[in-house]
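Got your viewer ready? Load the model below and we'll hop from one selection to the next.

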Amino acid sequence: MAEVTILLGAPGAGKGTASERLIKRLGYEHVATGDMLREALKEGTALGLKAEQYMKRGELVPDEVIIQLVEERLDKGGRRTQFLFDGFPRTLAQAELLQKAVEKRRGKVAQVFLLDAPREVLIQRLTGRRICRSCGANFHVTNMPPKKPGICDSCGGELYHRPDDTETTIANRLDVYTTQTQPLISHYEGQGVLVRVDSSRQVDGLVAEIVGAIERRGARQGAKPVGDCGR
Ligand code: AMP
């Protein structure tokens, strides 16, 4: 059984930051295709090198590469059956392939949260974003600064500015989102699983709203309420 919750939203909408909190709170298995690709690139695998050219330009990596990564990850989940997807799917083809992959594992796409924020908020967040090289934690030079500049509060790792968080690449990534990913909104709305959340506010409120919606859905289905799993 694989039950999938998806965070959908433009680059800079806050999917990564919300995911960090949600997985701690819910104990879900986090699947972030962007992180997986950056990891493959760091390790210098053939897949990472293939993906690099697309990532540098802010374009999408081909669907067949991504779905293979995702299928492997679904099978590596071990006993975990709840997955939180962040940055996947990003095209209708990926959504259809995901549907087949979860059905094959007797699961379903449970809820899709659309993190919505105006374009100027997205750009401000992306240009100031800093990420920990060791643990992947997200910071922002003004909105969420680390205690010591350039150093991760959680693990002491070095913070870096993603090479695709430059103004030209950001503009391209936002255009790619509009043309290729936005059609997923009506796709999931049609399936009755889309929940819109305002992600221009502080992450605490955003996370509380998402957890509340997950709990209400669980209650409707007769499941135990979710709680802090201590991770
Ligand atoms: P992210 O960290 O989610 O912003 O992703 C960074 C980059 O990785 C994107 O701009 C794409 O080049 C690539 N990428 C991540 N996820 C996907 C996906 N689901 N489909 C295609 N390309 C992806």
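Start with the ligand and its shell: the residues around the ligand split into six nonpolar, four polar and six charged. Here Ala, Val, Leu, Ile, Met, Phe, Trp, Tyr, Cys and Pro count as nonpolar, Asp, Glu, Lys and Arg as charged, and the others, Gly among them, as polar.

Quick housekeeping: this is a predicted model, where local features need pLDDT of at least 70 and side-chain atom pairs count only at pLDDT 80 or more, while totals for chains, interfaces and linings use all residues. Residues are numbered from 1 along each chain as its sequence is written, and side-chain values use heavy atoms, with hydrogens and water left out.

**Stop 1: the ligand.** Show the 16 residues that surround the ligand (a heavy atom within 4 Å); the closest are Thr 33, Arg 38, Glu 59, Arg 90 and Gln 94. Zoom in on Thr 33, where a polar side-chain atom sits 2.8 Å from a ligand nitrogen. Arg 38 puts a polar side-chain atom 2.9 Å from a ligand oxygen. At Glu 59, a polar backbone atom is 2.6 Å from an oxygen of the ligand. The ligand alone exposes 480 Å², and the protein buries 95% of that (Shrake-Rupley method, 1.4 Å probe). Now colour helix H2, residues 33-43, which gives the most to this shell, with four residues. Helices here are DSSP runs of H or I, at least four residues, and strands are E runs of at least two, numbered from the N terminus.

**Stop 2: Thr 91.** Select Thr 91 in the loop between strand S3 (82-86) and helix H5 (92-104). Is Thr 91 buried or exposed? Thr 91 counts as buried because its relative accessibility is 8%, where buried means under 20%, exposed over 50% and partly exposed in between (1.4 Å probe, protein chains only). A polar side-chain atom of Thr 91 lies 3.0 Å from the backbone nitrogen of Gln 94.

**Stop 3: His 30.** Next, pick His 30 in strand S2 (residues 29-32). His 30 is buried too, with a relative accessible area of 18%. Show the Asp 86 side chain as well: the side chain of His 30 makes a polar contact with it at 3.0 Å. Such a contact is a pair of N or O atoms within 3.5 Å; within protein, one must be able to donate a hydrogen and the other to accept it, and residues adjacent in sequence count only if both atoms are side-chain atoms.
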